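This report describes selected features of one protein structure for a reader new to the subject. The sequence and the model should be kept in view while reading.

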Amino acid sequence: MIRVLVWNEYKHEQESEKIAAVYPEGIHGAIAEFLGKEEDITVRTATLYDENCGITKELLDETDVLIWWSHIAQHLVPDEIAYMIRDAVLEGMGIIFLHSAHHSKPFRYLMGTSCNLTWRESDDSEVLWVIDPAHPITRGIDRYFTLPAEETYGEPFVIPNPDKVLLIANYSSGEVFRSGVLYERGNGKVFYFQPGHESYPTFRVPEVQTIIKNAVRFVAPTYRQVITCPKVRKITDDGPYLN
Ligand code: ZN
């Protein structure tokens, strides 16, 4: 079983009736609902409002894949929690950052860049083009799929060159954006996926759910271990490590 933790900031849904109408169960609840139907996935949820922001070392140790949605309260996640998440990824925990989590502390600490982009809320439609149809994360998606309305995210997206670009979006306004990008960081895999603005029911779109489910399985750890910096013996001596 792949143990998933869906973390959501959960402010918009509680502070705006309009957003609560789109996601009465919270964005975390909507994601947990479709992931929970998968036989090989178990789901827990946490939010900013939980004790310790819903993140502890023990919880991360029991998590194979962390899914992170955040927006207006990025600064309320303490640095020590963001670094704890980064370190769990370096050990091997998989992580999926959704939409405005491009500006979350854990994503920025893993990327090492500003992760800035251009944006606009103007109900543009969005076409997501599959760049790598052979990749496990795009399995089951046709050449492209369309979202009737999304927040427009545009280039330049200030990220390191991705290991793989899986999806590129173009919007009805003309902007383009690298909407699905993949990285390895230490032993861990990182997937950033752009759709998911809080005022649209994007997480109910079948293709979006398929990509998130595929991504959970792809970034799940195959090896999880802290890699330290030990002083070692010559390979001709007995035993590899000097204690
Ligand atoms: Zn947004």
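## Salt bridges

A search of the whole structure finds 16 salt bridges. The structure is a predicted model. Side chains of opposite charge can pair when their charged atoms come close. One such pair is Lys11 with Glu15, whose closest N and O atoms are 3.0 Å apart. Lys11 counts as buried, because its relative accessibility is 17% and the limit for buried is under 20%. Glu15, at 51% relative accessibility, counts as exposed.

Another salt bridge joins Arg217 to Glu38, with 2.7 Å between the closest N and O atoms. This pair links distant parts of the chain: Arg217 belongs to helix α7, whereas Glu38 lies in the loop between α3 (26-35) and β2 (41-47), 179 residues apart. Arg217 also meets the side chain of Asp40 in a salt bridge of 2.7 Å, N to O. Asp40 is in the loop between α3 and β2 and Arg217 is in helix α7, so this pair ties together parts that are 177 residues apart in sequence. Asp40 is partly exposed at 28% relative accessibility, and Arg217 is partly exposed at 33%. Through shared partners, salt bridges join Glu38, Asp40, Lys213 and Arg217 into one network.

## Helix α7

Helix α7 comprises residues 206-219, which makes 14 residues. From its first C-alpha to its last it reaches 20 Å, close to the 20 Å expected at 1.5 Å a residue.

Which residues of α7 are buried? They are Val208, Gln209, Ile211, Ile212, Lys213, Asn214, Ala215, Val216 and Val219. An α-helix has 3.6 residues a turn, so residues three or four places apart point the same way. Lys213, one of the buried residues of α7, is also a member of the salt-bridge network with Glu38, Asp40 and Arg217.

## The zinc site

Which residues are the protein donors of the zinc ion? They are His99 through NE2, Glu151 through OE and His197 through ND1, and they lie 1.9 to 2.1 Å from the ion. Their spacing in sequence is H-x51-E-x45-H. Glu151 and His197 link distant parts of the chain: Glu151 is in the loop between β7 and β8 (152-154), and His197 is in the loop between β11 (188-193) and α7, 46 residues apart. The place of His99 is the loop between β4 (94-98) and α6 (105-111).

Are these donors buried or exposed? Glu151 is buried, with a relative accessible area of 4%. His197 counts as buried at 1%, and His99 is buried at 0%.

## Backbone features

Most residues other than glycine have a negative phi, and most peptide bonds are trans. His99, a zinc donor, has a positive phi near 50°. Cys115 also has a positive phi, near 60°. Cys115 lies in the loop between α6 and β5 (118-120) and is buried, with a relative accessible area of 0%.

The peptide bond from Glu155 to Pro156 is cis, with omega near 5°. Pro156 is found in the loop between β8 and β9 (164-171). At 57% relative accessibility, Pro156 counts as exposed. Pro156 and Glu38, a residue of the salt-bridge network, are 118 residues apart in sequence and 36 Å apart in space, C-alpha to C-alpha.

## Aromatic pairs and a nonpolar patch

The whole structure contains 11 aromatic pairs, according to a search. In one of these, Phe191 and Phe193 are stacked, with 5.8 Å from centre to centre and 20° between the planes. Phe191 is buried, with a relative accessible area of 0%, and Phe193 likewise counts as buried at 0%. Ring pairs also link Phe97, Phe107, Tyr153, Phe157, Phe177 and Tyr192 into a cluster.

At the surface, Trp129, Ile131, Tyr144, Ile168 and Val176 make a nonpolar patch of about 410 Å². Tyr144 is located in strand β7 (residues 144-147). Tyr144 is partly exposed, with a relative accessible area of 40%.

Conventions: Residues are numbered from 1 along each chain as its sequence is written. This is a predicted model: local features need pLDDT of at least 70, side-chain atom pairs count only at pLDDT 80 or more; totals for chains, interfaces and linings use all residues. Side-chain values use heavy atoms; hydrogens and water are left out. Patches are made of residues with over 30% relative accessible area and no salt bridge: like charges are joined within 9 Å, nonpolar side chains (Val, Leu, Ile, Met, Phe, Trp, Tyr) within 5 Å. Accessible areas come from the Shrake-Rupley method with a 1.4 Å probe; for residues, only the protein chains shown count as cover. A salt bridge is a side-chain nitrogen of Lys or Arg within 4 Å of a carboxyl oxygen of Asp or Glu. Helices (H or I, at least four residues) and strands (E, at least two) are DSSP runs, numbered from the N terminus. Buried means under 20% relative accessible area, exposed over 50%, partly exposed in between (1.4 Å probe, protein chains only). The expected span of a helix is 1.5 Å times one less than its number of residues. Donors are N, O and S atoms within 2.8 Å of the metal (3.2 Å for Na, K and Ca); water is not among the atoms, so sites may look incomplete. Rings of Phe, Tyr and Trp (its six-membered ring) pair if their centres lie within 6.5 Å; planes under 30 degrees apart count as stacked, over 60 as edge-to-face and the rest as tilted.
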